[in-house]
Amino acid sequence: MQVADFIFSLKPYEGGKPIDELKRELGIEHVIKLASNENPIGPSEKVIDTIKNAAKDVSLYPDGNAYYLKKVLSEKLNVDESNILFGNGSDEIIELLYRTFATNPNDEILYCFPTFVEYKIIGASFNKKIVELPLKDYSYDADALIKAINSNTRLIFLNIPNNPTGTIMRYDDVKNIIDASGDNTLIVIDEAYYEYAKESSDYPDFLKLYKLPNVVILRTFSKAYALAGLRIGYAIANSEIIDYLNRTRPPFNVNIIAQAAAMTALNDDEHLKETIKINELGKKYLYSEFDKMGIKYIKTYANFILFDASMDADIVYQEMLKSGVIIRSMTGYGYKTFLRVTVGTMQENRIFIEKLKKVLNV
Ligand SMILES: Cc1ncc(COP(=O)(O)O)c(C=O)c1O
């Protein structure tokens, strides 16, 4: 079978190693995964009950318009239902953005790197020209982005907080990028870690930009809401953009269990509070242990921390794997001595530090 050159040269996305795979490979019983920024305490009992209840309905197609969930979310966010679109994870919405808005052969995509690699992977699968600028001090560089905008720039991805650095952008910088963009350049503000970031008093309110004609905000239920396995995320934008996205969206893209679980999770403030509390405690603990070990790290607004092991990160990754701890090496992002660890439960954080000390010999 022949495929186009740009398809041939694609590489599949490499996620964090699954726990069961490592257990099988090493024949060990206890493995912890701090590699994919998942919620370490899982979903609440209420959500699990909802999932069990929804199971009896799986012979039916889901509601393609997610009527009830949209109602709950629109009340929660105080935005109209016509400003919301759900996706099979925010990953799918990124793909829909390409499919809907980057349809000309000359269209260019712009962002700073290292950032979430799906912008690149999906862009490559649409054979788009990707313009990647370096981060500045581990953060998106607004001035450089503004200089790089041209009439072919179709999508600009701003990942706030940025995965893998955990840094944010200032409101004025984002606004300046929007103002410097023409009507046909869409600015995508990917807030996958919003629920964690908003705990910081200096985190800007980017939601108030959603009505602008060329802005989309992405959020997800995969992180703080603990539903990564069910695949559900959402976009908030002006109704014209949402309308176009609905035209290219597969009709039943969000399954019946995900819709039900997301609705319960949205109403479960207590579980979200607990999740945030565990993350804040974990961050403090990891910062203080890194400080004691003399390890440089980047202060995070999310549920992961980028740190510098001061040695080949792939070796650290492999050695940590052997001790049953899965984290992420950042060599593929050009950070040869950096790794990213997801903040876990206190017990997981302690095990991670104990094993890291052994591997780094400190
Ligand atoms: C910045 C960012 N955006 C989007 C996603 C994808 O989230 P989802 O599970 O909703 O597809 C992730 C997942 O890691 C992410 O880090």
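Which exposed residues does the face of α14 turned away from its buried side carry? I looked, and found Gln 347 and Lys 358 there. I took exposed as over 50% relative accessible area and buried as under 20%, with a 1.4 Å probe and protein chains only.

Ground rules. I am working on a predicted model, where local features need pLDDT of at least 70 and side-chain atom pairs count only at pLDDT 80 or more, while totals for chains, interfaces and linings use all residues. Residues are numbered from 1 along each chain as its sequence is written, and side-chain values use heavy atoms, without hydrogens and water.

Helix α14. I checked the length of α14, a DSSP run (H or I, at least four residues; strands are E, at least two). Its 15 residues, 346-360, should span 21 Å at 1.5 Å a residue (1.5 Å times one less than the number of residues). The end C-alpha atoms lie 21 Å apart, which agrees. I then listed its buried residues: Glu 348, Asn 349, Phe 352, Ile 353, Leu 356 and Leu 360. They fall within an arc of 135 degrees seen down the axis, so they line one face of the helix; the arc uses directions from the axis to the C-beta atoms. Their cover includes α12 (269-293) and β10 (304-308). Asn 361 follows α14 with a positive phi, near 60 degrees.

Domains. I read the bounds from an automatic or database assignment: domain 1 (5-42 + 270-360) and domain 2 (45-268). Their C-alpha centres are 24 Å apart. The contact (heavy atoms within 4.5 Å) takes 30 residues from domain 1 and 34 residues from domain 2.
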